[in-house]
Amino acid sequence: MRFVIQRVKQAEVVVEDRCIGKINHGFLVLIGINNEDNRQIADKMVKKLIGLRIFEDENGKTNLDLKSVNGELLLVSQFTLYADCKKGNRPSFIRAGEPQMAQELYQYIIELCKQEIDVVETGSFGADMKVSLLNDGPFTVILDSDEIM
């Protein structure tokens, strides 16, 4: 599982010219799920996400987590995080999770986050989405379950 976490001032997702998810100060999280992922991995990834201390405290140190700053979440499924570009110029997505399994795990991640964070917005699984953001910093962190487990 991969999370690309962007600290944002604001972010939104538009599908068919309609805004379906919008946040202010918080994290835009692009979520990639592969075929080996499961709920136990999701539990650890969400715990790490929620506890990630990348907001500045009163001394300008990145020492505060999402809850400490009343941050919001925008969670967007993105299978292309498992693009394999080793051969040729056309990426392979064979490692991306099978759609039904990935969608169920994506929904599980959303529910876990809603238990911890007051404002959780989402994209639309499998839709053609337009994502816009105002990156704060910019500050972007990649969490990969292969590296934190």
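**Exercise 1. Cysteines**

Decide whether cysteine 85 is buried or exposed in this predicted model, then work out how many disulfides there are.

*Solution.*
Step 1. Start with the accessibility of cysteine 85, which is 52% in relative terms. Exposed means over 50%, so cysteine 85 counts as exposed.
Step 2. Now turn to cysteine 113, whose relative accessible area is 0%, making this residue buried.
Step 3. To form a disulfide, two cysteine sulfur atoms must lie within 2.5 Å. The count comes to zero disulfides. Cysteine 113 illustrates this: the nearest cysteine sulfur belongs to cysteine 19 and is 19 Å away.

**Exercise 2. The two sides of a helix**

Find which residues of helix H1 are buried, and explain why they line one face.

*Solution.*
Step 1. Locate the helix: H1 covers residues 39-51, 13 residues in total. From first C-alpha to last, H1 reaches 18 Å, close to the 18 Å expected at 1.5 Å a residue.
Step 2. List the buried residues of H1: Ile41, Ala42, Met45, Val46, Leu49 and Ile50.
Step 3. Look down the axis of H1: these buried residues fall within an arc of 155°, so they line one face of the helix.
Step 4. Recall a general rule: with 3.6 residues a turn, residues three or four places apart in an α-helix point the same way.
Step 5. Check the face turned away from the buried side, where you will find the exposed residues Gln40, Lys44 and Lys47.
Step 6. Ask what covers the buried residues of H1: among the covering elements are strand S1 (2-15), strand S3 (26-32), helix H2 (99-116) and strand S8 (130-144).
Step 7. Finish at the N-terminal end of H1, which is capped by asparagine 38. One of its side-chain oxygens lies 3.0 Å from the backbone nitrogen of glutamine 40.

**Exercise 3. Aromatic pairs**

Work out how the rings of phenylalanine 27 and phenylalanine 55 are arranged, and do likewise for tyrosine 106 and phenylalanine 125.

*Solution.*
Step 1. Begin with the total: the structure holds three aromatic pairs.
Step 2. Take phenylalanine 27 and phenylalanine 55, with ring centres 5.2 Å apart and 15° between the planes. Planes under 30 degrees apart count as stacked, so this pair is stacked.
Step 3. Place the two residues: phenylalanine 27 is in strand S3 and phenylalanine 55 in strand S4, so the pair ties together parts that are 28 residues apart in sequence. Both phenylalanines are buried.
Step 4. Move on to tyrosine 106 and phenylalanine 125: here the centres are 6.0 Å apart, the planes make an angle of 40°, and the pair is tilted.
Step 5. Place these residues too: tyrosine 106 sits in helix H2 and phenylalanine 125 in the loop between S7 and S8, 19 residues apart.
Step 6. Compare their accessibility values: tyrosine 106 is buried at 1%, whereas phenylalanine 125 is partly exposed at 24%.

**Exercise 4. Two buried residues and their contacts**

Identify the contacts of serine 77 and isoleucine 54, setting aside residues up to four places away in sequence.

*Solution.*
Step 1. Find serine 77 in strand S6. Its relative accessibility is 15%, so serine 77 counts as buried.
Step 2. Read off the contacts of serine 77: Ile31, Tyr106, Phe125 and Met129. You have already met Tyr106 and Phe125 as an aromatic pair.
Step 3. Find isoleucine 54 in the loop between H1 and S4. With a relative accessible area of 6%, isoleucine 54 is buried.
Step 4. Read off what isoleucine 54 touches: Arg7, Phe27, Thr62, Leu64, Phe139 and Val141.
Step 5. Compare sequence with space: isoleucine 54 and aspartate 65 are 11 residues apart in sequence, and their C-alpha atoms are 6.3 Å apart.

Notes. Residues numbered from 1 in each chain as written. Predicted model: local features only at pLDDT ≥ 70, side-chain atom pairs only at ≥ 80, totals over all residues. Heavy atoms only, no water. Helix = DSSP H or I, 4+ residues; strand = E, 2+ residues; numbered from the N terminus. Expected span 1.5 Å × (residues − 1). Buried < 20%, exposed > 50% of the residue type's maximum accessible area, 1.4 Å probe, protein only. Arc of directions from axis to C-beta. Contact = heavy atoms within 4.5 Å. Polar contact = N/O pair within 3.5 Å; in protein donor to acceptor, adjacent residues only side chain to side chain. Phe/Tyr/Trp six-rings, centres within 6.5 Å; stacked < 30°, edge-to-face > 60°.
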